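This report goes through one structure, from single residues to the contacts that join its strands. Please keep the sequence and the model in view while reading.

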Amino acid sequence: NIDVGGSSFSECTDNSAIGGTVGINCGGSQALRVAGNHTFGCSYGIQVMNWEEDGAGVAFPLATTGLIIEHNRIGIVDVGKCGIAIYDNAQGIARGNDFFGYGSAVPQECFILQSGAFEIEGNTWNGSGRLVTNPNGSTHVLDWPDVFDSVMVTTAYVLVDSVVPTTMGGF
């Protein structure tokens, strides 16, 4: 839909991307701000690859750094879709984005985070920034989706041995 991959010192703001595989592709960019956009029904609302290629498959010479993804509204319509996907250790921040789930979508699908250099803060799922949950009784792990900044435990019948964001649970 919208391809701003390879951009430098630019903005991608106030757009809509409805349906398709990737709503906004912004990989291989430096100092790019992606803000105020609306994606809905895409397999990936926003996708970021650290190294990006042009249409002929030639790699851009720069890695993704200084990327700001903020204040976007991202509609996830089904299981297996993703709000924001960050790959290959891209560097940046995703903050203040509003994710909305439709159909069978769940908050675990807000982020695919394969980067230790990307910050996530102040995002919401269906208007909430806090998850209410309880620890897994068999593993004593409190596991929560990365979209939430805080988690509230209502009843803990087991000791909590670790607190792990969803993406870290796979490592």
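Is F40 buried, exposed or partly exposed? The model is a predicted one, and in it F40 has a relative accessible area of 30%. Because buried means under 20% and exposed over 50%, F40 counts as partly exposed.

**Aromatic pairs and a charge over a ring**

The structure holds 2 aromatic pairs. One of them is made by F40 and Y102, in an edge-to-face arrangement. Their ring centres are 5.3 Å apart, and the planes meet at 75°. F40 belongs to strand β6, residues 38–40, while Y102 sits in the loop between β12 (98–101) and β13, so the pair ties together parts of the chain that are 62 residues apart in sequence. Y102, like its partner F40, is partly exposed; the relative accessible area of Y102 is 36%.

Another ring, that of F100, has a charged residue over its face. This residue is R73, at 4.0 Å from the ring centre.

**The nonpolar core**

The largest nonpolar core has 29 residues. Within this core, V34, I46, I69, I84 and F99 touch the most other members. Several strands each supply at least two residues of the core: β5 (30–35), β7 (44–49), β8 (67–70), β9 (73–76), β10 (82–87) and β13 (111–113). In soluble globular proteins, nonpolar side chains tend to be buried together.

What does I69 touch, apart from its neighbours within four places in sequence? Its contacts include V34, I46, V48, I84 and I86. I93, A94, R95, N97 and F118 are also in contact with I69.

**Strand pairing around β5**

Strand β5 pairs with β2, which covers residues 8–13. The two strands run parallel and are joined by 5 bridges. In this pairing, R33 of β5 stands opposite E11. Strand β5 also runs parallel to β8, and 3 bridges join these two. There, V34 has I69 of β8 as its bridge partner. Both V34 and I69 are among the core residues that touch the most other members.

**A network of salt bridges**

How many salt bridges does a search of the whole structure find? The search gives 3, and the table lists them with their distances between N and O.

| Pair | Distance, N to O |
|---|---|
| E11 and R33 | 3.3 Å |
| R33 and E70 | 2.7 Å |
| E70 and R95 | 2.8 Å |

Side chains of opposite charge can pair when their charged atoms come close. The salt bridge of E11 and R33 links strand β2 to strand β5, with the two positions 22 residues apart in sequence numbering. R33 of β5 and E70 of β8 are 37 residues apart. E70 of β8 and R95 of β11 are 25 residues apart. Through shared partners, the salt bridges join E11, R33, E70 and R95 into one network.

How buried or exposed is each member of this network? E11 is exposed, with a relative accessible area of 53%. R33 is partly exposed at 27%, and R95 is partly exposed at 28%. E70 has a relative accessible area of 8%; because the limit for buried is under 20%, E70 counts as buried.

The place of E70 is in strand β8. Not counting residues up to four places away in sequence, E70 touches R33, V34, A35, G36, R95 and N97. R33 and R95 in that list are also salt-bridge partners of E70. R95 and N97 are in contact with I69 too.

**A loop with positive phi values**

Which residues lie in the loop between β10 and β11 (92–95) and have a positive phi without being glycine? D88 is one of them, with a phi of about 60°, and D88 lies in that loop. N89 is found in the loop as well, and its phi is near 65°. D88 is partly exposed, with a relative accessible area of 41%. N89 is partly exposed too, at 43%.

Definitions and conventions
Residues numbered from 1 in each chain as written. Predicted model: local features only at pLDDT ≥ 70, side-chain atom pairs only at ≥ 80, totals over all residues. Heavy atoms only, no water. Core = buried A, V, L, I, M, F, W, Y, C linked by side-chain atoms within 4.5 Å. Buried < 20%, exposed > 50% of the residue type's maximum accessible area, 1.4 Å probe, protein only. Helix = DSSP H or I, 4+ residues; strand = E, 2+ residues; numbered from the N terminus. Contact = heavy atoms within 4.5 Å. Pairing = 2+ DSSP bridges. Salt bridge = Lys/Arg side-chain N within 4 Å of Asp/Glu carboxyl O. Phe/Tyr/Trp six-rings, centres within 6.5 Å; stacked < 30°, edge-to-face > 60°. Lys NZ or Arg CZ within 6 Å of the ring centre and 35° of its normal.
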